[in-house]
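This report covers nonpolar packing, a sheet and a surface patch. The structure comes below, and the account follows it.

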Amino acid sequence: MYIIMKSIFTKTSSIVIFLLTFSTSFGQTLIEGVVKNEQDEPIEDVNIVLKGTSNSTSTAADGTFTIEAKSLPFTLIVQYAGYNTKEIRIAELPKNAKPLEIIISYGEEKVLSEVVVTSRRRIEKAQDIPIAVSVITGKQAEQAGAFNVNRIKELIPSVQLYSSNPRNTGINIRSLGSPFGLTNDGIDPGVGFYVDGVYYARPAATTLDFIDVERIEVLRGPQGSLFGKNTTSGAFNITTRKPSFTSGADFELSYGNYAFLQAKASVTGALGKKIAGRISFSGTQRDGLIDNVATGRATNTLNNQGIRGQLLYQLTEHTTIVLAADITTQKPDGYAQVIAGVAPTQRAAYRQFDAIITDLNYQLPSLNAFDRKIDHDTPWRSGQEMGGVSLNIDSKIGKGTLTSTTAWRFWNWDPSNDRDFTGLQVLAKSQNPTRQTQITQEVRYAGELNSKLNGVVGVFFIDQTSQTDGTEESGAAQWRFSQSTTSNLWRTPGLFEGYGIKTDARIRASSAAVFGQLDWKATDRLHILPGLRYNFDKKDADYSRTTYGGLQTTDPALIALKRLVYTDQAFTSNIDNTDLSGNLTVSYKVSSKVNGYATFAKSYKPVGVNVAGLPTLAGQPILELAVVKPEEVNHYEVGIKTTPLRSSIFNFTLFNTDIKNFQTNVQAAELGVNRGYLANADKVQVKGAEIDASFVINQHLTINGAATYTDAKYVRFTNAPLPLEETGAAVSFKDVSGSALPGASKWAGSLGGELSENAKFFGNNGKIYFALDSFARSEFSSSPSASKFLVVDGYAIFNARLGFRTADGLSVQFWGRNLLNKEYYEQLLPAGGNAGHYAGVLGDQRTYGVTLHYSL
């Protein structure tokens, strides 16, 4: 532990020293101020926006703020929930270097501007845009300990994330986006993931720690006319903190039980008259939460490190260039799953799991998954590296901004899994290392065309390649798990030991699009927003696997048994597809307190290809499953955004999404289908309702909550895979029409609040606070075809924090997560080969700790 702490401290200290040493303030106008109410009380989290730019900030706990402008004069927009919006023109700086004092008051306008967003490529108030959007500021995420997307889902219940390891990660919004279960590189995610305008193609990015985030915007519903990559279910739009010409640094250190240690540092400053830099670091370590009784070592550790550097070049008053580079590594001993139960299948009695392990004289280390004990004999490894370089150019032209975003990114995946979930040598090896690279280019113009019309138009291109060189190898116990007849030949010594497959799977996917959306101000209250998108997609895939090892024999009977486990397989697939889609939104502002909208969107998810092996029929791959049809999406949504009371919001949304040729993932009983295969369900429907609410009761108490009801089902799916308990039936497929989609809870919600009071700590003005957050969801199916054994029970968890925060100097927070130590599963999944046993991805037990934050 000492070595780990020393490593993190050394890296963090180096970052701080580097930029603070070489940074100097140059050529920028820095305004410092404080925002108070009419009772002379400072107000926290007030939005301060530099009018006509994307530059914004918010006030700290003592009401203070700093913001930069290129030159005098300029105008500040001051916005806060329940107060009149105020515009202040700054022609000269305050004399005697005193901070600018701004008083805001309650008024008849009662404008709620709790969050400023850029989802529509311009600065807007979240309550004004006709999109269901949730926003978490960087400060809120840090205070809640939400350092990755898996934590964000506890704050935004419409978001679901399922991960049995980084590769096999799916992120959904409203239960749609990625097929539930194991990941296949041959399809596109339906939820877009963007960081500073750069699209991240692989879902593994959502498992990484956030680095120096300013704001996280989660848009729900299709967004193809606003974003470069088509998104059928929604988008994460993440903005990081940008370089500043004023020197500053933040340092954070957290320590908790299970030796949790997290360090973050961010330093910014000027490097010249027109150049500023920012460098940020994040490192997270934690001991394992599951005991491996075979090795005597805990597994499922955390071991994440990431660094991000940015250079800002102010080319002219109207043109800004930002060059950014980042790299993140994860090398945990982890993502082990624990056997959660055994389902009786329809196979013969001797093929049931309990009979198999009895014959092998084996006993599970525990029959209770929440004992958190495993005896896996194949090491779990989930190493990944992700990084890249991007160049963003923003140039103000006329009454809009022309933006170019160029990026190159890579992802390296180095795994090892124990897919039989036991201490037996069934699968001695299961590893499919992958390297993915991508190049993206987006150019768009967003702005005002005339007094009645504004909008965004752009072009987008992505070219990505993915190569997997995998190995799956049988061990000494494979014969008993694969045994499908009573022949004694299965017991032939060494027949399957070392018998496996080498896989070479390659895919190249290219996509190009033209997209745009207009906002026509028909009247002062009525806006009409049409959007269009034309897309071209091309995918070329090559899949090849060859068998090796095992007993070398010429006996046809023994060769036939080996082929029942693994066979050679090869196929190629080349497909392209074009699509014209679009949306129409009508927005009407009933009053200053009520804004309603209705949307229809026709969208699609591109054609897919299988690159993880195909199931076989009479020993031959079923080639018609190689290509997966594109999804056709019709989406309807109505919403109302209101400010019912002073300093409050209450938003309500109804939605209905119909999808034809829904792309779903199937877990095959055949071992050779490494990660399941893709198939199309004829039609699915997802409908539901959402509520978002926030109330500022007074300067001391805030309450926020969100809830979602989702009815997600297969309308027609006649060729679904068999549920786990029906493995071995006389048929190969099942009609599951009318059953629930996997991963979809009927109900989910979050509720939280904070009580605070002005205070002074170590001479610094700030706030002492206590906050409580809760998240709950009802039961959901954890199988593509509903299985009574693979149902995750509903659960609720509670988190709390107590501390003192300030703008400058030392802040401290004591925190606890899952305070009631709730035992719950995040996912259930069958073992390879469907022998009847299934494993669970366990939710974390109670954790607690302390966080120190220091700002310069």
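Helices (H or I, at least four residues) and strands (E, at least two) are DSSP runs, numbered from the N terminus. Leu311 lies in strand E22. The model is predicted: local features need pLDDT of at least 70, side-chain atom pairs pLDDT 80 or more, while totals for chains, interfaces and linings use all residues. Residues are numbered from 1 along each chain as its sequence is written, and side-chain values use heavy atoms, without hydrogens or water.

Leu311 is partly exposed, with a relative accessible area of 40%; buried means under 20%, exposed over 50%, partly exposed in between (1.4 Å probe, protein chains only). Leu311 belongs to a nonpolar surface patch of about 790 Å², together with residues including Tyr313, Leu391 and Trp408. Strands E22 and E26 each give two or more residues to the patch.

The largest nonpolar core (buried Ala, Val, Leu, Ile, Met, Phe, Trp, Tyr and Cys joined through side-chain atoms within 4.5 Å) has 35 residues, and Leu828 and Tyr838 are among those touching the most other members. These elements each supply at least two residues of this core:

| Element | Residues |
|---|---|
| Strand E24 | 338-342 |
| Helix H4 | 353-359 |
| Strand E51 | 825-830 |
| Strand E52 | 837-842 |

The largest share, four residues, comes from E52. A second, separate core of 28 residues includes Val159 and Met386.

Strands E21, E20 and E25 form an open, mixed sheet in the order E21-E20-E25; two strands pair if DSSP finds at least two bridges between them. E20 and E25 are parallel, with two bridges, and Asp291 has Lys373 of E25 as its bridge partner.

Definitions and conventions. Patches are made of residues with over 30% relative accessible area and no salt bridge: like charges are joined within 9 Å, nonpolar side chains (Val, Leu, Ile, Met, Phe, Trp, Tyr) within 5 Å. Accessible areas come from the Shrake-Rupley method with a 1.4 Å probe; for residues, only the protein chains shown count as cover. A salt bridge is a side-chain nitrogen of Lys or Arg within 4 Å of a carboxyl oxygen of Asp or Glu.
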